[in-house]
Amino acid sequence: QSMAHSEVWFDVHPGGATDFLGDITIITKNRSDSMSPQNTRDIKADITAWYTPGVDWGLRIQQFSLSAREDYTTPINVQFAKFLDSGEKDFEIILDTIQLGVAAQIAKEFVIDDHWIPKFAQKLELDGSLSNVHLGRGVNGYFGAAELQKIHSSAYGVIPGVRDLDAVFKLIGGQAVLDLNDNNGAAIHFARVYDEPFDLHSLHGKLNFLVTSGLDVLKINSNLIGAKLDAGNVNAMFSLRTDLPISDGAPDMNILIGGRNIDARFREKYFPKKMSPDLKTWLKRAITEAEVAELGLAFRRGAPRFSPIAGTNQLSFKVNDAAINFHPAWDGARNLTGVSVLDDKYFLAELDGGLLGKIDLVQADIEYDRTQGIGSKIRVEADLSSSISDAMAALSSSPLNESMGSLTSWRFNGIQSSKLFLDIPMNRKIDNRTSANDITYSATIGITDGEIHLPHSHLAVKEIFGNVVFESNRGLFGENVVGRFWGRP
C-alpha cells in the first residue's frame with residue numbers, strides 16, 4: 001500500500017516555459033506475509049522543476065530522504081537536467097553530498113535493482129561519502145567528477161580493501177581516473193597476502209579505469225603511487241583485468257612495491273601469511289637486526305589457474321649491517337650485506353660480505369626450498385677466510401668441537417680459506433637441548449703455508465698446504481695435506 005501527499009505550484013511563462021515548485025511525501029507499506037512485521041518506507045523531498053521548450057527540462061530535488069523503520073538517511077540535494085536537442089541522450093546530474101550506502105540503496109531500489117553493480121557493491125560493503133558530484137553525458141560521451149571522503153571497502157577476493165581513503169574521481173568518455181591525494185591517513189588490506197591491513201600515513205598517485213567498447217572487460221592500472229608507511233616510504237604500481245559482470249572468479253591482478261631505507265623493525269608485518277610456519281619462526285628468531293636498503297614486493301594472481309604462474313607473492317630486500325643467528329649452537333653472523341628473496345615456499349639469501357665470529361664471510365647462500373623436494377630444512381653454504389687460529393677458535397665453540405679432539409689446545413699460524421655447509425632441519429624445536437646434533441654439517445679448511453705447534457713443546461709442523469675436513473658423519477680427516485716436520489717433508 002502507498003500513500004502520497006504533495007503540493008505543487010507551477011508558473012507558465014510566455015512561449016511555454018514552465019517552472020514548478022512543491023514538495024512530495026510517499027509512504028509505502030509492504031507485507032511479505034501475515035506473520036511478518038510491517039516494513040514502512042518514507043520518501044520525502046522538496047521539488048523544483050523547469051521546462052524550456054526546445055532547450056531542456058530539469059528537476060531539482062532538495063532535502064531528499066529515505067527512511068525504513070527507524071533507519072533514516074541523511075537528506076541530500078540533487079539536480080537533474082535533460083537536454084532536448086540531443087536525441088534525448090544528453091543529461092546532467094549535480095549532487096552536493098551523499099553517503100555511499102545511500103547511493104547504493106537508491107541505485108538498487110530505483111534504478112538498477114537486478115543489475116550486478118549494486119550486488120557487487122554490497123559485497124564490498126562500501127561506506128564513506130561523495131561530495132561535489134557532477135555526472136552526465138554530452139557531445140563527447142559521459143563525463144563526471146566527485147570527491148571521495150573516508151571511503152571504506154572490504155577486501156573481496158584479490159581486490160584489496162581500503163579504509164579512510166580520500167580521493168577525487170573523474171570520468172571522461174569511456175575512461176575514468178581516481179586521483180589519490182590522501183594526507184590524513186588511510187589503510188589498505190591485501191587479504192590474500194596479509195592477515196592485517198597496512199596503515200598508510202599518506203598516499204599519492206592515480207588509478208586509471210577503462211571499460212572495453214563491448215562493455216565486457218574492466219581494466220585498471222596505476223601510475224607510480226607513493227605511500228608513507230610506518231616502515232618508511234614506498235612506491236607501488238598496480239594493474240587489474242576482470243571480465244564484466246564481475247563474479248567470484250579471480251581476476252588478473254599484479255602489484256609491484258618498492259622502497260628504500262626501510263625500518264627493519266617492522267619486517268615481520270611484510271612476511272606473507274601463507275609462508276611456512278617453520279620458516280616464519282626461524283626468520284623471526286634468526287634475523288636479529290638489519291638495515292633494509294632496498295625492498296621489493298611482487299604479487300600476482302590470474303590465469304591460467306592451478307599453474308605455477310597463476311599466483312605468487314615474492315618479497316625481496318637488500319640488507320646492510322644485518323645479523324643472523326643460523327642456530328643457537330653456532331656463532332652468529334654479523335655485519336652482513338646482500339640480497340634475499342622470499343615467497344610462500346622459498347627463501348634465498350645471497351650474502352656478499354660479513355663476519356662469522358672473527359672470520360671474514362666472503363660469500364654465503366642461505367636457502368629454504370620446499371618446491372624441489374628438499375623438505376623442511378634450512379641450508380647454509382658459506383665461503384670464509386681468516387687466520388687459521390681464528391678459524392679453529394670458531395670451530396671449537398661449535399658442534400664441530402666434538403670432532404677436533406686435542407686440536408683445540410694446539411697453536412696455529414697461517415691463513416685459511418674454508419667452505420662451511422649446514423643442513424638445519426625445521427621440523428624440530430630449534431634450541432641447544434634438542435637439535436644441535438640433528439644438523440648435518442661439514443667444514444673444509446684450505447690451509448696455505450700454515451703451522452701447527454704442539455702444546456707445551458717446541459715441536460711444530462710447518463709449510464702446511466692442503467685441506468682439513470670436519471664432517472658430522474665422518475669426523476676429522478685430511479685431504480692432500482703436506483707439510484714439513486723437522487725441516488723434512
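Ala, Val, Leu, Ile, Met, Phe, Trp, Tyr, Cys and Pro count here as nonpolar, Asp, Glu, Lys and Arg as charged, and the others, Gly among them, as polar. The model is a predicted one, in which local features need pLDDT of at least 70 and side-chain atom pairs count only at pLDDT 80 or more, while totals for chains, interfaces and linings use all residues. Residues are numbered from 1 along each chain as its sequence is written, and side-chain values use heavy atoms, with hydrogens and water left out.

**Figure 1. The whole chain, to get your bearings.**
The chain has five helices and 27 strands; helices (H or I, at least four residues) and strands (E, at least two) are DSSP runs, numbered from the N terminus. Of its 489 residues, 41% count as buried. Buried means under 20% relative accessible area, exposed over 50%, and partly exposed in between (1.4 Å probe, protein chains only). Among contacts with a separation of 6 or more, 49% are between residues 24 or more positions apart, a contact being heavy atoms within 4.5 Å.

**Figure 2. The largest cavity and its lining.**
Three cavities of 30 Å³ or more turn up in a search of the whole structure. A cavity is a set of points, on a 1 Å grid over the protein atoms alone, where a 1.4 Å probe fits but cannot get out, and lining residues have an atom within 4 Å of a point. Grid points are joined across faces, edges and corners, and a volume is the space filled by probe spheres set on the points. The largest cavity holds about 220 Å³ of space. Look for Arg 267, Ile 287, Val 292, Phe 317 and Val 319, which lie nearest its centre among the 21 lining residues. Two or more lining residues come from each of strand 18 (287-301), strand 19 (311-324), strand 20 (333-342) and strand 21 (346-356). Strand 19 gives the most, with five residues. How does the lining of the largest cavity divide into nonpolar, polar and charged residues? There are 18 nonpolar residues, one polar and two charged.

**Figure 3. The second largest cavity.**
This view centres on a space of about 160 Å³. Its lining has 15 residues, and Leu 356, Ile 359, Leu 384, Ala 394 and Leu 395 are the ones nearest the centre. Helix 4 (388-396), strand 24 (411-425) and strand 25 (440-453) each supply at least two lining residues. The largest share, four residues, comes from strand 24. By residue class, the lining holds ten nonpolar, three polar and two charged residues.

**Figure 4. Inside the largest nonpolar core.**
A nonpolar core is a set of buried Ala, Val, Leu, Ile, Met, Phe, Trp, Tyr and Cys residues joined through side-chain atoms within 4.5 Å. The largest one has 102 residues, and Leu 279, Leu 283, Phe 347 and Ile 366 have the most contacts inside it. Strand 18 gives the most to this core, with six residues. Which residues does Leu 283 touch, not counting those up to four places away in sequence? They are Phe 271, Met 275, Leu 342 and Phe 347.

**Figure 5. A salt bridge between two loops.**
Side chains of opposite charge can pair when their charged atoms come close. A salt bridge is a side-chain nitrogen of Lys or Arg within 4 Å of a carboxyl oxygen of Asp or Glu, and the structure holds eight of them. Here Asp 195 meets Lys 273, at 3.9 Å from N to O. Asp 195 sits in the loop between strand 12 (186-189) and strand 13 (198-211), and Lys 273 in the loop between strand 17 (252-262) and helix 3 (277-286), so the pair ties together parts 78 residues apart in sequence. Asp 195 is exposed, at 53% relative accessible area, whereas Lys 273 is partly exposed, at 33%.

**Figure 6. Salt bridges between strands 23 and 24**.
In one pair, the closest N and O atoms of Arg 379 and Asp 423 are 3.7 Å apart. Arg 379 belongs to strand 23 (residues 377-387) and Asp 423 to strand 24, 44 residues apart. Arg 379 is partly exposed, with 31% relative accessibility, while Asp 423 is buried, at 7%. In another pair, Asp 383 and Lys 419 have their closest N and O atoms 2.6 Å apart. Asp 383 lies in strand 23 and Lys 419 in strand 24, so this pair ties together parts 36 residues apart in sequence. Asp 383 is partly exposed, with a relative accessible area of 24%, and Lys 419 is also partly exposed, at 43%.

Methods:
1 Å grid on protein atoms, 1.4 Å probe; cavity = no way out; pocket = protein on both sides within 12 Å on 5 of 7 lines; lining within 4 Å.
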